[in-house]
Amino acid sequence: MAEKLIIFDTTLRDGEQSPGASMTKDEKIRIARQLERMRVDVIEAGFAAASQGDFESIQAIASVVKDSIVCSLSRANDRDIARAAEALQQAQRKRIHTFIATSALHMEKKLRMTPDQVVEQAKMAVRYARQFTDNVSFLIGQY
């Protein structure tokens, strides 16, 4: 089997988390088009459940990008995943990237879940996301 390097770009999501680095929808579309021209494999366009603005930006990017995979981040819950799927409807190629925090502090205090419950939630989230696309990625993080 041939090896393949997949370029996964998070500029449109992570880049906005830098102070003073917010972008308009039109700026995000311009950047997404440039990333596609550079042959980036996966463009993480945003976090659809975070805000209406993020949702609309993902939706707009999904409608113009044709070759790259357009991706939305979502927490490992049905509401976020459904919102991501809705934003990605027009994408020719789409991915849902879901995550759940796994640090002991987050599991206990924020999620109020045991490690076994977190694993089950992660499995349920991936199963649910697969109803919308076969291209699902999952991230375990020490948030």
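**Close-up views of a predicted model**

**View 1. Helix H4 and the elements packed over it.** The cover over the buried residues of H4 includes H3, E3, E4 and H6. This is a predicted model, so please read each view with that in mind. The residues of H4 that count as buried are Asp 80, Ile 81, Ala 84, Ala 85 and Ala 87. Looking down the axis of H4, you will find these buried residues within an arc of 165°, and they therefore line one face of the helix. At the N-terminal end of H4, look for Asn 77, which acts as a cap. A side-chain oxygen of Asn 77 lies 3.2 Å from the backbone nitrogen of Arg 79.

**View 2. Strands E3 and E4, side by side.** Strand E3 covers residues 69-75 and runs parallel to E4, with six bridges joining the two. Two of the pairs are easy to pick out: Ser 74 has Thr 98 as its bridge partner in E4, and Arg 75 has Phe 99. To get from E3 to E4, the chain passes through H4, and this β-α-β crossover is right-handed. How much of E4 is buried? Seven of its eight residues are, so to speak, under cover, and the strand is mostly covered. E3 has six of its seven residues buried, so this strand is largely enclosed by the rest of the structure.

**View 3. Strand E2 on its pairing with E3.** E3 also pairs with E2, again in the parallel sense, over four bridges. Here Glu 44 is the residue to find, standing opposite Cys 71 in E3. Together, E2, H3 and E3 form a β-α-β unit that is right-handed.

**View 4. The largest nonpolar core.** This core holds 30 residues, and those touching the most other members are Leu 12, Ile 43, Ile 58, Ile 61, Val 65, Val 70 and Ile 96. Which elements give two or more residues to the core? They are helix H2 (25-37), strand E2 (42-46), helix H3 (52-64), helix H4 (78-87), strand E4 (94-101) and helix H6 (115-129). H3 gives the most, with five residues. As a piece of background, nonpolar side chains tend to be buried together in soluble globular proteins.

**View 5. Ile 43 and its surroundings.** Leaving out residues up to four places away in sequence, Ile 43 touches Asp 9, Leu 12, Ala 32, Leu 35, Glu 36, Val 65, Ser 68, Ile 69, Val 70 and Cys 71. Among these contacts, Leu 12, Val 65 and Val 70 may look familiar, since they join Ile 43 on the list of core residues that touch the most other members.

**View 6. Arg 13 in helix H1.** Arg 13 sits in helix H1, which spans residues 11-14. Is this arginine buried or exposed? Arg 13 has a relative accessibility of 17% and counts as buried, because the cut-off for buried is under 20%. Setting aside neighbours within four places in sequence, Arg 13 is in contact with Glu 44, Gly 46, Phe 47 and Leu 73. Glu 44 is worth a second glance here, as the residue opposite Cys 71 in the pairing with E3.

**View 7. Arg 33 in helix H2.** A second arginine to visit is Arg 33, found in helix H2. Arg 33 is partly exposed, at a relative accessible area of 44%. Find Val 65 as well: 32 residues separate it from Arg 33 in sequence, while their C-alpha atoms are 6.6 Å apart in space.

**View 8. Thr 133 and Gln 131 in the loop after H6.** The loop between H6 and strand E5 (136-141) is the place of Thr 133, and Gln 131 lies in the loop between H6 and E5 too. Thr 133 is buried, with a relative accessible area of 10%, whereas Gln 131 is exposed, with 59%. What does the side chain of Thr 133 reach? Its target is the backbone oxygen of Lys 94, at 3.3 Å. Not counting residues up to four places away in sequence, Thr 133 touches Lys 94 and Ile 96. As for Gln 131, its C-alpha atom is separated by 19 Å from that of Phe 47, a residue 84 places away along the chain.

Definitions and conventions:
Residues numbered from 1 in each chain as written. Predicted model: local features only at pLDDT ≥ 70, side-chain atom pairs only at ≥ 80, totals over all residues. Heavy atoms only, no water. Core = buried A, V, L, I, M, F, W, Y, C linked by side-chain atoms within 4.5 Å. Buried < 20%, exposed > 50% of the residue type's maximum accessible area, 1.4 Å probe, protein only. Contact = heavy atoms within 4.5 Å. Pairing = 2+ DSSP bridges. Right-handed = clockwise from strand over helix to strand, strands pointing away. Arc of directions from axis to C-beta. Polar contact = N/O pair within 3.5 Å; in protein donor to acceptor, adjacent residues only side chain to side chain.
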